[in-house]
Amino acid sequence: RLTTNWGPRSNDNPEKLAKIADDLVASLRATNSRVSLQSFFVGGIAFQSVLSEYGFDSGKGTVVIGAHYDSASGSPGADDNATGVAALLELNSLFADSPPPTKVILAFYPLEEIPLSRTSDSGSFIHASQLRQSKEPVRLMISMESIGYFSDTEGSQRYPLKPLSWVYPSVGKFLAVVGEASLSPATVDMKAAFTRATELPVESINAPHSLEGISFSDHRSFWMNGFDAVMLTDTAMFRNPNYHRPSDLPETVDPGKVAQVVDGVMEYLA
């Protein structure tokens, strides 16, 4: 629906983003009554993050799983980031039958793309700030960022620094788990969960924000508010030739791989 019905959904079209938010609310409420809109204003214009809560405080901390529903200007954004949104919708459906063992917030964010990406006006930063101010015991934020483009072609995977190609694969058929340079155990735990639950190859990296791509999604907002966070990604512009282009269409996405990402996250929560 995001790519075919709505098409490009950039930040300069707040009316379209508002209608998409309403569409997401309707989809989520089909299986969950704990759905809400978090409205905020940027430049006098209203935007909405959509939040779906499951489970209850177990003393183990809250897990936030987020994905942005906006896209780059002119791009239908199938991989970036309708795949992340689809994964959250599937998690919402699965939780209806198998509630998570701790409190989980599924968060659908606007304003992740340029020009508001990595700013205090993005939907994820507004949400992370509110969670910090309310002293929500966030254990981890998981950002679902472009999780559907995979390739078996040699040389299909690129890296921001040449030395990384000496350590990581040259074929873009793996999922990357990205964490901060503080060496949080979350990246290792997440990778282990995927190894147990799926056949999807997974690589992990903990690196500083200065490395290109490391902070290019909503997990950065949580880092900036003092929370641990990881990004799950197919590495986007370092692999996908359709990145931010009109050619980022559904037929370029592997839905089976997206499903395996959902399986891995379910295993991590368990």
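A charge is said to sit over a ring if NZ of Lys or CZ of Arg is within 6 Å of the ring centre and within 35 degrees of the ring normal. Keep that in mind for the first view, and remember throughout that this is a predicted model.

**View 1. Two charged side chains sit over phenylalanine rings.** Start with arginine 239: its charged end is placed over the ring of phenylalanine 174, at 4.8 Å from the ring centre. Then look for lysine 257, which lies over the face of phenylalanine 150. Here the distance to the ring centre is 5.7 Å.

**View 2. Eight strands line up in an open sheet.** Follow the strands across the sheet and you will meet them in the order β1-β2-β4-β3-β5-β8-β6-β7, with mixed pairing. Which strands stand at the edges? They are β1 (35-42) and β7 (202-207), and because each has a single partner strand, one side of each is left without a neighbour in the sheet. On average, neighbouring strands are turned by 20° against each other, direction ignored.

**View 3. Strands β2 and β4 pair in the antiparallel sense.** Strand β2 covers residues 45-54 and strand β4 covers residues 104-109, and 5 bridges join the two. To find one of these bridges, pick out leucine 51 and look across to its partner in β4, alanine 107.

**View 4. Two helices meet the strands of the sheet.** Helix α2 (residues 14-29) packs on the sheet and touches β1, β2 and β4. The direction of α2 makes about 15° with that of β2. Helix α4 (residues 123-133) lies across β1, β2, β3 (62-68), β4 and β5 (138-145). Compare its direction with that of β4, and you will find an angle of about 145°.

**View 5. Aromatic rings come together in pairs.** A pair of aromatic rings is described by the distance of the centres and the angle of the planes. The model has 4 aromatic pairs. One of them joins tyrosine 54 and phenylalanine 95, edge-to-face, with 5.5 Å from centre to centre and 65° between the planes. Tyrosine 54 belongs to strand β2 and phenylalanine 95 to helix α3 (residues 78-97), so this pair ties together parts that are 41 residues apart in sequence. Are these two rings' residues buried or exposed? Tyrosine 54 is buried, with a relative accessible area of 7%, and phenylalanine 95 is buried at 1%.

**View 6. Tyrosine 159 and tyrosine 168 form a tilted pair.** The ring centres are 6.2 Å apart and the planes meet at 35°, so the pair counts as tilted. Both of these tyrosines are buried.

Terms used: Residues numbered from 1 in each chain as written. Predicted model: local features only at pLDDT ≥ 70, side-chain atom pairs only at ≥ 80, totals over all residues. Heavy atoms only, no water. Pairing = 2+ DSSP bridges. Helix = DSSP H or I, 4+ residues; strand = E, 2+ residues; numbered from the N terminus. Axes fitted to C-alpha atoms, helices over the stretch in contact; angles between N-to-C directions. Contact = heavy atoms within 4.5 Å. Phe/Tyr/Trp six-rings, centres within 6.5 Å; stacked < 30°, edge-to-face > 60°. Buried < 20%, exposed > 50% of the residue type's maximum accessible area, 1.4 Å probe, protein only.
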